[in-house]
Amino acid sequence: MIKLSPRLASVARLTGAGESVIDVGTDHGYLPVFFAENRLFKKIAASDINEGPLQSAKSSAREYGVEDKIDFYLSDGLRDVPGSFETVVIAGMGGETMVDIISNCPWIGGARLVLQPQSKIPELERCLNALGFICERAVLTEDAGKLYAAFSCLAGEGGVDLLRALTASRDPLLEKCLEKEEKRLLRAASGMERGGRQGSGEYEKLLGELKRIKEGLREVKTWQR
Ligand SMILES: C[S@@+](CC[C@H](N)C(=O)[O-])C[C@H]1O[C@@H](n2cnc3c(N)ncnc32)[C@H](O)[C@@H]1O
């Protein structure tokens, strides 16, 4: 049986089980192998934009004896994947790439998404909000000293706000995550100030994010009282 890293295990838990699933940008193919070994979905697919990673996913599936249980597609996002899927998993990629994949898929509004972005979370939230998604569950995981956020979402009213979802679930890693994010944003802000870019829209956006993080931190601190 395949053993997933803590980051991928958190994505697998959010994914759960059901009719059909596709892991977009699968690379090593560990998630589809896990789904197949545990018989979690009737239809399982894996896709990647690059031939090398797709071959690597096929060899993982061969190694674990589940090659015939998974369909493999060479595709930029979901462009060349036939049909539609109940659940779409996209993990370990930048938020901008996720935005591109999601906004170019005509049936995405009917799917449940499980996302684990590595960057650009506000941009991803904006895209999901524009498409009418709601956050179902969100979780933080620590893996090899790094923190990762993952969340599932589906069509609904209320929007996607990862910070709000993590605050609502009182995620035990939220304080650590917000402290790290605050430091990162403060470093970025002082870099922009040194470069004389205080008047730019980018700087204003950064200050807005910093304000949100500070408010989040204040809220988290009240939990310990
Ligand atoms: C860092 S790996 C992440 C692998 C795996 N999903 C994980 O979380 O461990 C990113 C993978 O996404 C693939 N990728 C990047 N852009 C893509 C796109 N537009 N469509 C499909 N796959 C893409 C890359 O080729 C690479 O294999």
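This dialogue discusses how to read the sheet, the helix packing and the ligand shell of a predicted model.

Trainee: What is the strand order of the open sheet?

Mentor: The open sheet has seven strands in the order β3-β2-β1-β4-β5-β7-β6, and the pairing is mixed.

Trainee: Which strands stand at the edges?

Mentor: The edge positions belong to β3 (70–74) and β6 (133–143); each has a single partner strand, so one side of each lacks a neighbour in the sheet. From one strand to the next, the twist averages 15°.

Trainee: In what sense do β1 and β4 pair, and over how many bridges?

Mentor: Strand β1 (residues 18–24) pairs with β4 in the parallel sense, over four bridges. Within these strands, V21 stands opposite T87 of β4.

Trainee: Which strands does helix α3 lie across, and which does α5 touch?

Mentor: Helix α3 (residues 51–63) lies across β2 and β3, and runs at about 170° to β3. Helix α5 (residues 121–130) packs on the sheet as well, where it touches β5 (112–117), β6 and β7 (146–155). The direction of α5 makes about 165° with that of β5.

Trainee: I turn now to helix pairs. What describes two packed helices?

Mentor: Two quantities serve: the angle between the axes and the distance between the axes. For α7 (residues 174–194) and α8 (residues 201–223), the angle is about 155° and the axes are 9 Å apart. Angles over 145 degrees count as roughly antiparallel, which means that α7 is roughly antiparallel to α8. Their crossing is left-handed.

Trainee: Which residues make the contact of α7 with α8, and how do they divide by class?

Mentor: On the α7 side, the contact includes L174, L178, L185 and M192; on the α8 side, it includes Y203, L206, L210, I213 and V220. By class, this contact comprises 13 nonpolar, one polar and six charged residues. Among the residues in contact are also E175 and E182 of α7 and K214 of α8.

Trainee: At what angle do α1 and α2 cross?

Mentor: Helix α1 (residues 6–15) and helix α2 (residues 30–37) cross at roughly 50°, and their axes come within 11 Å. That angle makes α1 oblique to α2. The crossing is right-handed. Here L8, V11 and A12 of α1 meet Y30, L31 and F34 of α2. The contact has six nonpolar residues, with no polar and no charged ones.

Trainee: How should the pair α4 and α5 be read, as roughly parallel or roughly antiparallel?

Mentor: These helices pack at an angle of about 15°, with axes 8 Å apart, and α4 is therefore roughly parallel to α5. The crossing is left-handed. From α4 the contact draws on G95, E96, M98, V99, I102 and S103, and from α5 on I121, E123, L124 and C127. Six of these residues are nonpolar, two polar and two charged.

Trainee: How many residues surround the ligand, and which are the closest?

Mentor: The ligand is surrounded by 17 residues, of which G25, D27, P53, A91 and G92 are the closest. The elements that contribute two or more residues to this shell are β2 (41–48), β4 (87–93) and α4 (95–103).

Trainee: Which element gives the largest share, and what is the division by class?

Mentor: Strand β4 gives the largest share of the shell, with three residues. By class, the shell holds seven nonpolar, seven polar and three charged residues.

Note on methods. Residues numbered from 1 in each chain as written. Predicted model: local features only at pLDDT ≥ 70, side-chain atom pairs only at ≥ 80, totals over all residues. Near = placed C-beta within 6 Å. Nonpolar A, V, L, I, M, F, W, Y, C, P; charged D, E, K, R; others polar. Axes fitted to C-alpha atoms, helices over the stretch in contact; angles between N-to-C directions. Parallel < 35°, antiparallel > 145°, perpendicular 65-115°, else oblique. Left-handed = near helix turned anticlockwise from the far one by under 90°. Contact = placed C-beta atoms within 7 Å. Pairing = 2+ DSSP bridges.
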